[in-house]
Amino acid sequence: MDLLKKYTFLVDEYRLLTEKNLIPKRKNKVKHFEYKELVLKITLLRKFMMKDEEMYIINILNKIKEISGMDDYKEIDNLEKRINDLFSIELSYSLSNSNIQHLYHSVTDLIYGLYLHSDTEKIENALLSDESIRKVILVSFIQEFDPIIYGTYELIKAKNDLDFTTNEENKLVPIIHFANKINVKRNVELSPRWTNIDGNDIKEKEIEQVVDELDSRDTRILKTASKFISLLQKNTIDVNNISKLLTPQSPISSNIKENSEIIKSIKNIALSTKVRYSTNLKFAFVYFFEDVISPFSISSPQILGDVHCIRFERQLMSNNYKINNFVHELPSHYMVTIQNRLK
């Protein structure tokens, strides 16, 4: 992965981990962040502000110059000037030991004294301040540095000759195995994306046997899940029939079109035959996989990526389960997948 692609990936991760999903958006301004949230932000920003780091922001700007072929570096020069101004800003505060710390050095004292390392001199300087002072320091630095980080990101993304697409073809699903690696048997071959799973392909007769052994409640829930997915996959959205499958309070009701687009973007959906329930049986959970070319079973405890979940809620009057929402739940162990066979 080249330097600029790594940078955009890391900025995406930084945004994901630190930005609040708030309305109004102004609440995402740094001054509204709590001290501990600022600590997370500055810790993640360290890689962009230290000269000996590969991701040092000046290195990134130099790389853009190197490969862009631009005649006018006005935007880059402006970003470089903002960085130099920030790192030499004359905001300072006096410690009780009479030392005067400039903003950049105060920030690095906190990073290498309190947050990431425990350099003796830096931790002594950091401890001479209190949390309110540290918060002012962090806000003062981050509110200037964030726009530089994002401005560089947008500059990279705007370059038409830079290709940052990731090749998803044949990308394996990330899996955590809890069994001893010697005992893991990777025998899934017919669904290429799942070949690193501890499991094996299953045949038509095995699928029929699994379906036949389901109890009536699981069968009803899985049929509902299959019908729900099929309706969302259609070009013409049947809001009326979809709504019949939902609980009265389901958030999906107001976002049917958006959920339809998401489901349509997922290729080769396969339901799991394993329905999970909450301890009080109020909720049921159905998992579905993507890119399943041929069904497979799972042989040992493992945590799987790229698995989606539909949450059902039991209706008190009818005692039947209706769909409440999509949720981010980890799948249960020992599942068998079926490829929308329950109609």
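1. Let's start with a helix pair. Helix H9 (residues 216–233) and helix H11 (residues 256–264) have axes that come within 8 Å and cross at roughly 95°. Angles of 65 to 115 degrees count as roughly perpendicular, so H9 and H11 are roughly perpendicular to each other. Please keep in mind that this is a predicted model.

2. Which residues make the contact between H9 and H11? From H9 come Ile229, Leu232 and Gln233, while H11 brings Ile256, Asn259, Ser260, Ile263 and Lys264. By character, the residues of this contact are four nonpolar, three polar and one charged.

3. Now a look at H9 itself. The helix has 18 residues, and from its first C-alpha to its last it reaches 26 Å, close to the 26 Å expected at 1.5 Å a residue. At its N-terminal end, H9 is capped by Asp215, with a side-chain oxygen 3.2 Å from the backbone nitrogen of Arg217.

4. You may also like to see which H9 residues are buried. Among them are Asp218, Thr219, Ile221, Leu222, Thr224, Ala225, Ser226 and Phe228. Ile229 and Leu232 are buried too, and both take part in the contact with H11. Leu231 is another buried residue of H9.

5. Finally, a spot outside the helices: Ser272 sits in strand S6 (residues 270–272). Is Ser272 buried or exposed? Its relative accessibility is 0%, so Ser272 counts as buried. The Ser272 side chain also reaches the backbone nitrogen of Lys274, at 3.0 Å.

Conventions: Residues numbered from 1 in each chain as written. Predicted model: local features only at pLDDT ≥ 70, side-chain atom pairs only at ≥ 80, totals over all residues. Heavy atoms only, no water. Axes fitted to C-alpha atoms, helices over the stretch in contact; angles between N-to-C directions. Helix = DSSP H or I, 4+ residues; strand = E, 2+ residues; numbered from the N terminus. Parallel < 35°, antiparallel > 145°, perpendicular 65-115°, else oblique. Contact = heavy atoms within 4.5 Å. Nonpolar A, V, L, I, M, F, W, Y, C, P; charged D, E, K, R; others polar. Buried < 20%, exposed > 50% of the residue type's maximum accessible area, 1.4 Å probe, protein only. Polar contact = N/O pair within 3.5 Å; in protein donor to acceptor, adjacent residues only side chain to side chain. Expected span 1.5 Å × (residues − 1).
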